[in-house]
Amino acid sequence: MEENNVIISLQNCSRVFGKFTALDSFTLDIKKGEFVTLLGPSGCGKTTTLRLIAGFDKPTEGRILLNGVDITDLPPYKRPVNTVFQRYALFPHLNVYDNIAFGLKLKKVPVTVTKKNGTEVTKMKHLSAKEIYQKVSHALKIVDLEELENRDISTLSGGQQQRVAIARAIVNEPEILLLDEPLGALDLKLRKEMQLELKEMHQKLGITFIYVTHDQEEALTMSDTIVVMKAGEIQQVGTPTEIYNEPINAYVANFVGESNIYNATYTSKNRLRFLSHSFEVDTPGEVNEKVDVVIRPEDITTRKVSEDYEGDKLVGRVSNRVFKGTHFEYVVMVGKSEVVVQTNKQYSVDDLVTMDIASEDIRVMEKDITTNLYPEAWINKTNDVVISDHPFECDITQLLAGSHVDEDDYLIGPDGKKYDLNDADVIAEVSLGDVEIIEDETDDMLIGYVVDQVYKGDHYQVMIRTELDEDFILDTDYLYSEDDRVGIQIAKEKIKLTLKGDIERYEVED
């Protein structure tokens, strides 16, 4: 990306609140005049990013550049940035015109004045009433509210109030407009209308829009560039078409649009097996390589067949159907796995159908999560491994081949040497299938909250986050709700340990 076309650059920005990391080494360049959308679930760091750009907050680490100049410590009022919030914060005692003009009446601009002796000096002066009127009239025209300038705010609809908030922001002619879920309070029909109007406003103004939303339809409708975020990190940056058609991992595919996501294995260079069926793919791989595949529901071609069908196509049985207005959405069962299909064809529940998927419509992705890895774990005085400040029973003899633990909890090597592993730093590893959710939690159990889940065809991949911001990822057959409070349990024999450093440092002299 050319530097002279970048208006905002966030470079390795982190923002930590106590023990919670809202942003983690966040790096992003935004071009002049772009409509950029930060997309992700609640708590992923979208609004924190916006606050850093606006100057309402400062990064714990990293820096922010505006047109190549470091503005990390620049106060908000000195930045050419305005913000539109979900709650519009309009003044109820002022009419539409005065709400928009409020900032202009306080604003001072530099004016060059020639003194009697011929010298020129620069003074700061308020805008004239005529200048304010011209700017407000222009802003009203952009948001299509020219006829409502004398109306009381309380008499406006939600959509009209939102336009007033935008007009108040753009009247100051900012280089960047920040929009923090500004359509969240509107009903569905009005929200869709305002999506198109915002895109049109962006084209009229030609300034940079940075938009925050958790609604993937909004992001796809309005954006030039989408930044998909998760847990304070960027997952993928691209155009709406790239994000939708070429998701980089299962998280992006699941978050942006309807997706069928499955575990798959290469059986040859260009063939994958999933849903107990073999498919040709355009992305080559190694035999026995494990990957994730994504198939969009609209990319599956179906045909009804009789009960005695004996062909070689993928076959499933319709278990559910919903009419979506422009198409039907079906859930087709292949064994215990679900396949979501969108088509104009009409089927009945229990119909048997074949499903064709073109090779170019099977999107292959590296598995983004294969195990839980905890590089900051350590051993306590009772030989438990401590993860997220919680002790788990473990087998420390795996740290030294041929060793055992004596009655005093020392590790005894095969040569009789004694080791005290209290406070020893280790890396703990737990497979996704070995983390267990316990709904009937007890006082001695590690507690976490469900923050994310992805359906993988025949099971769910669930992410649980503890109060110390440690994530436990697991595979389960059960569906949980976001923010569900659960206990976490791991069997002693399922925790793999690797010692950091040389074990000799823990040797105890008799």
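**Group meeting: two unusual residues and two pockets**

Okay, let's start with Ala231, which sits in the loop between β11 (225–230) and β12 (233–238). Keep in mind that what we're looking at is a predicted model.

So what is the phi of Ala231? About 50 degrees, so a positive value, although Ala231 is not a glycine. Here's some background for anyone new to this: most residues other than glycine have a negative phi. Now, is Ala231 buried, exposed or somewhere in between? Its relative accessible area is 32%, and because partly exposed covers what lies between 20% and 50%, Ala231 counts as partly exposed.

Next, have a look at Ser25. Ser25 also isn't a glycine, and its phi is positive too, at about 50 degrees. Where do you find Ser25? In a strand, namely β2, which covers residues 20–31. Its relative accessibility is 46%, so Ser25 goes down as partly exposed.

Right, on to the pockets.

The largest pocket holds about 680 Å³ of space. How many residues line the largest pocket? There are 24 of them, and the ones nearest its centre are Val81, Asn82, Thr83, Arg168 and Asn172. If you want to find the place on the screen, start from those five names.

Which elements supply at least two residues each to that lining? They are β6 (81–84), α2 (96–106) and α4 (158–170). The biggest contributor is β6, which gives four residues. As for the chemistry of the largest pocket, its lining has 15 nonpolar residues, four polar ones and five charged ones.

Now the second largest pocket, with about 500 Å³ of space. Its lining is made of 20 residues, and nearest the centre you'll see Leu373, Tyr374, Pro375, Glu470 and Asp471. The elements giving two or more residues to this lining are β23 (371–379), β24 (385–387) and β33 (471–476).

Which of them gives the largest share to the second largest pocket? That's β23, with eight residues. And the lining of the second largest pocket divides into 10 nonpolar, four polar and six charged residues.

To recap, then: Ala231 is in a loop, while Ser25 is in strand β2. For the pockets, remember β6 as the top contributor to the lining of the largest one, and β23 as the top contributor to the lining of the second largest. That's it from me, thanks for listening!

Terms used:
Residues are numbered from 1 along each chain as its sequence is written. This is a predicted model: local features need pLDDT of at least 70, side-chain atom pairs count only at pLDDT 80 or more; totals for chains, interfaces and linings use all residues. Side-chain values use heavy atoms; hydrogens and water are left out. On a 1 Å grid over the protein atoms alone, a cavity is a set of points where a 1.4 Å probe fits but cannot get out, and a pocket is an open set with protein on both sides within 12 Å along at least five of seven lines; lining residues have an atom within 4 Å of a point. Grid points are joined across faces, edges and corners, and a volume is the space filled by probe spheres set on the points. Ala, Val, Leu, Ile, Met, Phe, Trp, Tyr, Cys and Pro count as nonpolar, Asp, Glu, Lys and Arg as charged, and the others, Gly among them, as polar. Buried means under 20% relative accessible area, exposed over 50%, partly exposed in between (1.4 Å probe, protein chains only).
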